[in-house]
There are 4 protein chains.
Amino acid sequence: MASKPGNDKELRILRAAISVFARHGYHGSSISTIAEEAGIATGTIYLYFRKKEELIIALFQRFLGDYIREAKEEVLAVHGAPARLGKLIERHLRFFEADHEVAAVFQIHLREVNPQIRDGILPVLLDYFDLIDTILIEGKEAGEIAPDIDVRLARKLIFGGLDEIVTSWVLSRHKYELMSMRDGFHQMITRAVGARWSGFRARASGGD
Amino acid sequence: MASKPGNDKELRILRAAISVFARHGYHGSSISTIAEEAGIATGTIYLYFRKKEELIIALFQRFLGDYIREAKEEVLAVHGAPARLGKLIERHLRFFEADHEVAAVFQIHLREVNPQIRDGILPVLLDYFDLIDTILIEGKEAGEIAPDIDVRLARKLIFGGLDEIVTSWVLSRHKYELMSMRDGFHQMITRAVGARWSGFRARASGGD
Amino acid sequence: MASKPGNDKELRILRAAISVFARHGYHGSSISTIAEEAGIATGTIYLYFRKKEELIIALFQRFLGDYIREAKEEVLAVHGAPARLGKLIERHLRFFEADHEVAAVFQIHLREVNPQIRDGILPVLLDYFDLIDTILIEGKEAGEIAPDIDVRLARKLIFGGLDEIVTSWVLSRHKYELMSMRDGFHQMITRAVGARWSGFRARASGGD
Amino acid sequence: MASKPGNDKELRILRAAISVFARHGYHGSSISTIAEEAGIATGTIYLYFRKKEELIIALFQRFLGDYIREAKEEVLAVHGAPARLGKLIERHLRFFEADHEVAAVFQIHLREVNPQIRDGILPVLLDYFDLIDTILIEGKEAGEIAPDIDVRLARKLIFGGLDEIVTSWVLSRHKYELMSMRDGFHQMITRAVGARWSGFRARASGGD
DNA sequence: TATGAATGAGCCTTCATTCAT
DNA sequence: GATGAATGAAGGCTCATTCAT
């Protein structure tokens, strides 16, 4: 119930890894450097992670996993596909804008990755994809999204677009506020999927 | 007389690099392996590329550069933003579908790179971004694209969406035809940017 | 408790380096060979020396540095320039005669070095030059050395002569006893610098 | 009778080698770089020298050999050991002062050398040692040099002293005129070997 | 748990040398 | 003789991983 010292050290290692990866990239960072950054001995890392690859997987599960769980809860609490999409976009951009190191690591440095790592990462991402898919599917059912929309394709547009926006922002060295992209992007996405506010549409059409 | 032996060998090396990178990734591939794949001695590679990094940069410039030049010509030959976007999407998907190894390398394996490599790659990508921007800008001037569209943001949506589609397809191990995404994606993009066929708009504006 | 294992291993590496350099020269010796000679793994050398170049510099500082400190103390404990020169010559020859491998390395194998190495070595040598200069300067002040002697030039004669003697001896494969050169060389040097025993001079000046 | 083109090219290669060695050292210079400097193809060097090592040997034989032959003739044309020593010293210093690149190469860059090279170089040096020995032996016979002088030891003092003077001058980046060392050095050497001008002594002593 | 010295496989890169033209 | 592309062995150095303490 109190803080587990093991978990604490594990987190310290992960934070150190984020910081070192952000500066030198995954392949340019050594376990020793991460240990030094975490203020522990090199060997200690291996008490928490069996291989360097497991560090990345844990990074994804811990940082992205937490974000995705929160995002899912918050997004699904809202009603209506357009609002949900807006909330998703806002959370996505806010997550990365909140921590430049995390943004650099996930957008730039952990992209080339061997199959083993990918297998560890994929479930986390699939959760996120599921969330987007859910928004779209329920939106279609509610008539808020055009019926001819291919959900998986639309999800790729949404995720790919967000991903590209964040990546550009990182590469620009955060020259502008990431959040300033929110409304424009939301508008494009809602148009793309033919989204209509169901309440509004109901009132506007005067019937249904 | 016609064949330049130097160019021939350079191309052989690049093809071998693509093939080896596709299987083992950039950091997992050694120069010796690439040389072996190309059927030459290790040192020979250094007669054509001064560092391993230059190999990737050359890969981008050669393969993507050629594609982008062709795409630009072909896309701009078409008239009207919606048609141009359609052509762009078609060419993009066709390019990657044509060569699974090239797709794997560009979508998966060359994503984490050090700043030096990125500096060599960026100009090629910027050319592509320019092409998309041109379509959008000229489309706005022609009234084919909604005037409130932020060109750079829309470009990120288009590029990011395409990129994600290709990446998913590669990770799915080409389970479906990439080209089958074309029409659905084109439709979403045209909606997203509020694209109208100028001919249609002419009629519409005449009647409304 | 008393033995520092780190220092011990560092010394083992240096001894191994001396031995390997003596046989194959600096450029002809690989780090792996030195490690093998020291009975350790290749990478271990890099825990003690960051580059191959640092190995040589450490060699100089450790072996010559120690010798020079001892020589300085012992030489300056003696009084009178002629006796001091005698002591210097004796120590110099004794030092190299004591260890044929050290002699070979310093006289033959570490002569062509790049500027970086030279910068690391120079301070050690300058200490030695200082010692000789001190003998000469104090000798001049005491009237034991001819006043028209250029100290730096005389030092070059002394050091150059000693150096050549040792080099010849090494190249002759130690065919004769190095120490047998001592008296003849001492005599020539004292003549060269017009050295007079101050006691003698006292008598001489009293009578002449 | 006319210039042999083969010899001409051989000399061009040797000059190029001197120049490149002076800048990058022996081990830092590649055959290709020397070829480039000489304005010929890499392979061409191998038509004149079978191995890189032979280049050095030829360098010694050509440059030092020529100098030594001239020095021998000129020195022995003079009479009296003191004058001969003076001439030797003058020629030695003048030779190196005349060409900074040659000086750098012979004093600094060709010092660490494997046994094969040394075997090729030694004969050239032995010729020089012979010249010095001849001066001393004939000087002893003429009563111009102290009879207790060990000729080989004195030769080492002379050669070693000169060598050190030139090396210091090269390392100082030619901050002073090498020739300015001549008289001081000559004086010390004549004192060291107890040299007396036989003519002067004859006159001074009033007899023969 | 924690340490950090030690390991040794592996990789990029250089370059003397060869040889087909 | 001349060329210069090609060779491939060799070496410095890094770093993930282990293990005795």
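Start by selecting Leu11(A), which sits in helix H1 (residues 5–24) of chain A; helices here are DSSP runs of H or I with at least four residues, numbered from the N terminus. Before going on, note that this is a predicted model, in which local features need pLDDT of at least 70 and side-chain atom pairs count only at pLDDT 80 or more, while totals for chains, interfaces and linings use all residues. Residues are numbered from 1 along each chain as its sequence is written, chains are lettered from A and ligands numbered from 1 in the order in which they are written, and side-chain values use heavy atoms, with hydrogens and water left out.

Back to Leu11(A): its relative accessible area is 28%, so it counts as partly exposed (buried is under 20%, exposed over 50%, partly exposed in between, with a 1.4 Å probe and protein chains only). Add Val166(A) to the selection: it is 155 residues from Leu11(A) along the chain, and their C-alpha atoms are separated by 25 Å.

**Stop 1: DNA strand E**

Show strand E and the protein around it. There are 30 residues in its surroundings, and those that come nearest are Thr44(A), Lys9(C), Thr44(C), Tyr48(C) and Ile31(D); a residue is near if one of its heavy atoms lies within 4 Å. Of the strand E atoms that come within 4 Å of the protein, sugar and phosphate account for 63%.

Now pick out three individual approaches:

- Gly43(A): a backbone N or O atom lies 3.0 Å from a base nitrogen of DNA strand E.
- Ile31(B): a backbone N or O atom lies 2.8 Å from a phosphate oxygen of DNA strand E.
- Lys9(C): a polar side-chain atom lies 2.5 Å from a phosphate oxygen of DNA strand E.

Colour helix H3 (42–48) in chains A, B, C and D; each of these helices supplies at least two residues of the surface near the strand. H3(A) has the largest share, with five residues. By class, this surface has 12 nonpolar, 12 polar and six charged residues (nonpolar: Ala, Val, Leu, Ile, Met, Phe, Trp, Tyr, Cys and Pro; charged: Asp, Glu, Lys and Arg; polar: the others, Gly among them).

**Stop 2: where chain B meets chain A**

Select both chains. Each side is listed by residue: 34 from chain B and 34 from chain A take part in the contact, meaning heavy atoms within 4.5 Å. About 2900 Å² is buried between them, with carbon and sulfur atoms giving 64%; buried area is the accessible area (1.4 Å probe) that two parts lose on being put together, summed over both.

How many salt bridges are there between chain B and chain A? The count is two, where a salt bridge is a side-chain nitrogen of Lys or Arg within 4 Å of a carboxyl oxygen of Asp or Glu. Zoom in on Arg191(B) and Asp148(A), whose side chains meet in a salt bridge at 3.1 Å, N to O. On the chain B side, helices H6 (100–109), H7 (115–141), H8 (151–171) and H9 (182–192) each supply at least two residues. H8(B) gives the most, with 11 residues.

**Stop 3: inside chain B**

Select Arg111(B) and Asp163(B), a salt bridge at 2.7 Å, N to O. This pair links distant parts of the chain, with Arg111(B) in the loop between H6 and H7 and Asp163(B) in helix H8, 52 residues apart. Arg111(B) is partly exposed because its relative accessibility is 25%, whereas Asp163(B) is buried, at 10%.

Next, go to Ser19(B) in helix H1 (residues 5–24) of chain B. Is Ser19(B) buried or exposed? With 9% relative accessibility, Ser19(B) counts as buried. Its side chain makes a polar contact with the side chain of Glu101(B) at 3.2 Å (a polar contact is a pair of N or O atoms within 3.5 Å; within protein, one must be able to donate a hydrogen and the other to accept it, and residues adjacent in sequence count only if both atoms are side-chain atoms).

**Stop 4: helix H5 in chain C**

Finish with Glu90(C) and Arg94(C), whose side chains form a salt bridge at 2.9 Å, N to O. Both lie in helix H5 (residues 81–98) of chain C, four residues apart, about one turn of the helix. Glu90(C) is buried at 18% relative accessibility, and Arg94(C) is partly exposed at 36%. Widen the selection to see a network of salt bridges that links Glu70(C), Glu74(C), Lys87(C), Glu90(C), Arg91(C), Arg94(C), Arg182(C) and Asp183(C).
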